[in-house]
Amino acid sequence: MGTRPLLNRRLAGMGSTIFAEMSALAVATGSINLGQGFPDTDGPREIAEAAARAVLDGRGNQYPPGPGIPELRAAVAEHQRRFYGLSYDPDTEVLVTAGATEAIAAALLALLEPGDEVIALEPFYDSYAACIAMAGATRVPLTLRAPGFRPDLDELRALITPRTRLLLVNTPHNPTGTVLTPDELRGIAELACAHDLLVITDEVYEHLVFAGAHHPIAALPGMRERTVNISSAGKTFSFTGWKVGWVAGAPELVAAVRTAKQYLTFVSAGPFQYAVADALRLPDAYFDTLRADHLRKRDLLAEGLVAAGFEVFRPQGTYFITTDITPLGETDGLEFCRKLPERCGVVAIPNVVFYDDTEAGRSQVRWAFCKRDDVLAEAVARLRRL
Ligand SMILES: Cc1ncc(COP(=O)(O)O)c(C=O)c1O
């Protein structure tokens, strides 16, 4: 096979994710896993039953339609109207994907040419870097810095070049918990319009906002026609294994994303699509309870982390808390996280893996609080040993 590396050079250095390493460490040491962001309690029973019924009734067991089943596309359109007043045509402006992950991949592969630049909020969710690389494009980080983790719009303006094609916006933002304000979104939208940029927005934590409200950038003037709006059922309904996601946007954008998507998975999760259509139509009480439960969990873990000596950046959204380990006399988050399971039986994620500017994230550590209250209480008790 010669000396040529097997792995495509665009993926060099992306061997395995930090989540795999840390989750394996959690299993090996019997630690509480506050690393990977998945709930330890499944979503609503009635939605699980709807999925089981779909399987048993023979709905979705064979290839569903390429764009997604009509019931789910209609439910996504209804959801966007109900919560944000955005109207999308379910037939031409909504596409069902294998989770937000596939939506992000398909959108980037469809809309980028080699050499294009993509500006993304850093620290970024790990699939962004990989998909931008697979598209042959270049990522350009707009760094959110502690303690506030706000985007600097002057810095954003300065990062835009003639090669910039796309802004990749994630709000609520993983891992910092930043929820972009209407003013920040307006500033980003104005720059996108002024420079004729496309925008991809990852809104998978849209229903986990504790301060302020979630505002889709697509609702701002001039943005609907240039924005690919992405979300999924995983976080909102606590069924992360179902991998049902969606794209909403103008017909030309959705058609482009669909072209790439059809050669990735073509279709997925047939029976689950029926169940997610029901989930999106759950009454307001469901979404209110989800938020209230996670707010309580956030505060439980945040107080425990403060008591253990961390600097805690309380998130406005998502189910992650970012902390700084400097007050504990530590400086290297990666080393800290590798040793933490041995030291006290808890697993967390070093934020440095989400940064190009590794100095900016070196001493930050991320904790997931989408866990049962008793699990969080036990984690807090163990962290006191620090
Ligand atoms: C910011 C962000 N985007 C996308 C995803 C993936 O979503 P899905 O499971 O629907 O593919 C995650 C999951 O952790 C995430 O944190």
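**Exercise 1. Where is serine 238 found?**

Work this one out on the model above, which is a predicted one.

*Step 1.* Look for the elements on either side. Serine 238 sits in the loop between helix H8 (233–237) and S8.

*Step 2.* Check the backbone. Serine 238 has a positive phi of about 55°, although it is not a glycine.

*Step 3.* Now the cover. Buried means under 20% relative accessible area. Serine 238 has a relative accessible area of 12%, so it is buried.

*Step 4.* Stay in that loop and go to lysine 243, which is also found between H8 and S8. Lysine 243 has a positive phi of about 55° too, and it is not a glycine either. Its relative accessibility is 38%, so lysine 243 counts as partly exposed.

**Exercise 2. Take helix H4 and compare its reach with the expected span. Then say how many of its residues are buried.**

*Step 1.* Find the helix: H4 covers residues 99–111, which makes 13 residues.

*Step 2.* Go from the first C-alpha to the last. H4 reaches 19 Å, close to the 18 Å expected at 1.5 Å a residue.

*Step 3.* Count the covered residues. In H4, 10 of the 13 are buried, and the helix is mostly covered.

*Step 4.* Put names to them. Among the buried residues of H4 are Gly99, Glu102, Ile104, Leu108 and Leu111. Several alanines are on the list as well, including Ala105 and Ala106.

**Exercise 3. Which residues come nearest to the ligand, and how much of the ligand does the protein bury?**

*Step 1.* Start with the shell. There are 13 residues around the ligand, and Thr101, Asp202, Tyr205, Ser232 and Lys243 come nearest.

*Step 2.* Sort the shell by class. You get 5 nonpolar, 5 polar and 3 charged residues.

*Step 3.* Ask which element gives the most. That's H4, with 3 residues in the shell.

*Step 4.* Look for polar partners. The side chain of tyrosine 205 has an N or O atom 2.7 Å from an oxygen atom of the ligand. For serine 232, a polar side-chain atom is 2.7 Å from a ligand oxygen. Lysine 235 has a side-chain N or O atom 2.7 Å from an oxygen atom of the ligand.

*Step 5.* Finish with the area. On its own, the ligand exposes 400 Å², and the protein buries 93% of that.

**Exercise 4. How many disulfides does the model have?**

*Step 1.* Set the rule: two cysteine sulfur atoms have to be within 2.5 Å.

*Step 2.* Apply it. The count comes to 0 disulfides.

*Step 3.* Try cysteine 344. The nearest cysteine sulfur belongs to cysteine 337 and is 10 Å away, and cysteine 344 is in no disulfide. At 1% relative accessibility, cysteine 344 counts as buried.

*Step 4.* Try cysteine 370. Its closest cysteine sulfur, in cysteine 337, is 16 Å away, so that is too far for a bond. Cysteine 370 is buried as well, at 4% relative accessibility.

**Exercise 5. Which peptide bonds, from threonine 171 and from asparagine 174, are cis or trans?**

*Step 1.* Follow the bond from threonine 171 to proline 172. With omega near -10°, it is cis.

*Step 2.* Do likewise for asparagine 174 to proline 175. Here omega is near 10°, and the bond is cis.

*Step 3.* Place the prolines. Proline 172 lies in the loop between strand S5 (164–170) and helix H7 (182–194). Proline 175 is in the loop between S5 and H7 too.

**Exercise 6. Take glutamate 93 and valine 247, and for each one find its place and a partner.**

*Step 1.* Glutamate 93 lies in the loop between helix H3 (70–84) and strand S2 (94–98). Its relative accessibility is 9%, so glutamate 93 counts as buried.

*Step 2.* Now its partner: a polar contact of 2.7 Å joins the side chains of glutamate 93 and arginine 224.

*Step 3.* Valine 247 is in strand S8 (residues 244–248). At 1% relative accessibility, valine 247 counts as buried.

*Step 4.* Its partner here is isoleucine 230. These two are 17 residues apart along the chain, while their C-alpha atoms are separated by 4.7 Å.

Definitions and conventions. Residues numbered from 1 in each chain as written. Predicted model: local features only at pLDDT ≥ 70, side-chain atom pairs only at ≥ 80, totals over all residues. Heavy atoms only, no water. Helix = DSSP H or I, 4+ residues; strand = E, 2+ residues; numbered from the N terminus. Expected span 1.5 Å × (residues − 1). Buried < 20%, exposed > 50% of the residue type's maximum accessible area, 1.4 Å probe, protein only. Near = heavy atom within 4 Å. Polar contact = N/O pair within 3.5 Å; in protein donor to acceptor, adjacent residues only side chain to side chain. Areas by Shrake-Rupley, 256 points an atom, 1.4 Å probe, with all protein chains shown as cover. Nonpolar A, V, L, I, M, F, W, Y, C, P; charged D, E, K, R; others polar.
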